[in-house]
Amino acid sequence: MNEDALLAYPPVFLVADGMGGHDAGDLASRIAVEEFAQLAGQSAATADDIHSCFSRTSARIRGEFTGGRQGGTTVAGVAVTVHDDTAYWLVFNVGDSRVYRWAEDVLEQVSVDHSVVQELLDQGRIEPADADTHPERHVLTRALGTGDEPEPDYWLLPAGLHDRLLICTDGLTRELGDGEIEAVLSQVADAQDAANELVRRSLDAGARDNVSAVVVDVATSVGALDDVHITVPRAGSQLGPHLWDEMLHGATVPRARRSSTQAPGAGDPSSEEVTS
């Protein structure tokens, strides 16, 4: 069962990684895509637009999962936005799906994971080398549908002439390090091909979770939204503004079998810690 969903339809590009079992994670991630897809076709999206999508997604998930049934989703993505007549990327995140930017031959992880391991790293209590094997590496501190109100983080980045953005679920980053991600983004020219190659390499490495990736290229000039061209898969161009096809708009492959580690707190409806 694929519990990932994704959207790649300007001005919004995102991935969602559902949690809570096959009958809940799939629904939660698709609710997120349905809500954000309402922005598809706009020339740009504001921070208020994005935050409203988060709020509606969270409310719908809480409404769907009643009677002890639990589910939630991570969401990470970027939206084209305009500030002072200049085009920017509005990066947003809840959970441990990630947004990277490849610019001027440098790979930068823009989003920050909402996880126990990230907090331990920030506090200097563990070393980066220990993160991949830490027993609580799958425990999230924020996710949509697991609390009263969503708490997304936002970053505003100028849209560079040659920016390339990668949005991916943790199924990819568990298998590929920064060096391999950087190699693909720097060497594969076509955005769709780059997404496919990243997913292929993740599968070859043993993919222990669903793997989803969206690669977005930006070209031409900075300073006017009309001059920013977003490269999206051509095959989905006939879809309407509220429709999407995740297999056309990115690269997503279900894992054969979930192998996440349940940690203390997961499954407790009063806890904000959930596993992905």
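Arginine 60 is partly exposed, with a relative accessible area of 31%. I start there because the cut-off for buried is under 20% and for exposed over 50%, and a value of 31% falls in between. This is a predicted model, so every value I quote is computed from predicted coordinates.

What does arginine 60 pair with? Its partner in a salt bridge is glutamate 34, and the closest N and O atoms are 3.0 Å apart. Arginine 60 sits in helix α2, residues 47–64, while glutamate 34 sits in helix α1, residues 22–36, so the salt bridge ties together parts that are 26 residues apart in sequence. Glutamate 34 is also partly exposed, at a relative accessible area of 34%.

Staying with helix α2 for a moment. At 1.5 Å a residue, its 18 residues should span 26 Å, and the end C-alpha atoms are indeed 26 Å apart. Which residues of α2 are buried? They are Ile50, Cys53, Phe54, Thr57, Ser58 and Ile61. Looking down the axis of α2, the buried residues fall within an arc of 125°, so they line one face of the helix. Asp48 and Gly63, on the other side of α2, are exposed.

One of those buried residues, Ile50, brings me to the nonpolar core. The largest nonpolar core has 27 residues, and Ile50 is among the five that touch the most other members, together with Val12, Phe36, Val75 and Phe92. Which elements each supply at least two residues of this core? They are β1, β2, α1, α2, β3 and β4. The element that gives the most is α1, with 6 residues.

Next, the strands, beginning with β2, residues 12–19. Buried or exposed? For β2, 8 of the 8 residues are buried, so the strand is largely enclosed by the rest of the structure. Val12, Leu14, Ala16 and Gly18 point one way from β2, and Phe13, Val15, Asp17 and Met19 point the other way.

Strand β1, residues 4–9, gives a matching statement: 6 of the 6 residues of β1 are buried, so β1 is largely enclosed by the rest of the structure. Both of its faces are covered, with Asp4, Leu6 and Ala8 on one side and Ala5, Leu7 and Tyr9 on the other.

How do β1 and β2 run? They run antiparallel, joined by 6 bridges, and a hairpin connects β1 to β2 through 2 residues. To place the pairing on the sequence, alanine 8 has phenylalanine 13 of β2 as its bridge partner, and aspartate 4 stands opposite aspartate 17 in β2. Strand β2 also pairs with β3, again in the antiparallel sense, over 8 bridges. There, valine 15 stands opposite alanine 76 in β3.

Back to salt bridges. How many are found in the whole structure? The search gives 15. I will show two besides the one I opened with.

The first is between aspartate 113 and arginine 98, whose side chains meet at 2.7 Å, N to O. Aspartate 113 is in the loop between β6 (106–109) and α3 (116–122), and arginine 98 is in strand β5 (residues 98–103), so this pair links distant parts of the chain, 15 residues apart. Aspartate 113 counts as buried, at 10% relative accessibility.

The second is between arginine 200 and glutamate 197, with the closest N and O atoms 2.7 Å apart. Here both residues lie in one helix, α7 (residues 191–204), and they are 3 residues apart, about one turn of the helix. Arginine 200 is partly exposed, with a relative accessible area of 40%, whereas glutamate 197, at 18% relative accessibility, counts as buried. Which residues are linked with these two in a network of salt bridges? Glu180, Arg201 and Asp204 are, alongside Glu197 and Arg200.

To recap, arginine 60 of α2 and glutamate 34 of α1 form a salt bridge across 26 residues of sequence. Helix α2 also has a face lined by buried residues, and α2 is among the elements that supply at least two residues of the core. Strands β1 and β2 run antiparallel, and each is largely enclosed by the rest of the structure.

Note on methods. Residues numbered from 1 in each chain as written. Predicted model: local features only at pLDDT ≥ 70, side-chain atom pairs only at ≥ 80, totals over all residues. Heavy atoms only, no water. Salt bridge = Lys/Arg side-chain N within 4 Å of Asp/Glu carboxyl O. Helix = DSSP H or I, 4+ residues; strand = E, 2+ residues; numbered from the N terminus. Buried < 20%, exposed > 50% of the residue type's maximum accessible area, 1.4 Å probe, protein only. Core = buried A, V, L, I, M, F, W, Y, C linked by side-chain atoms within 4.5 Å. Pairing = 2+ DSSP bridges. Expected span 1.5 Å × (residues − 1). Arc of directions from axis to C-beta.
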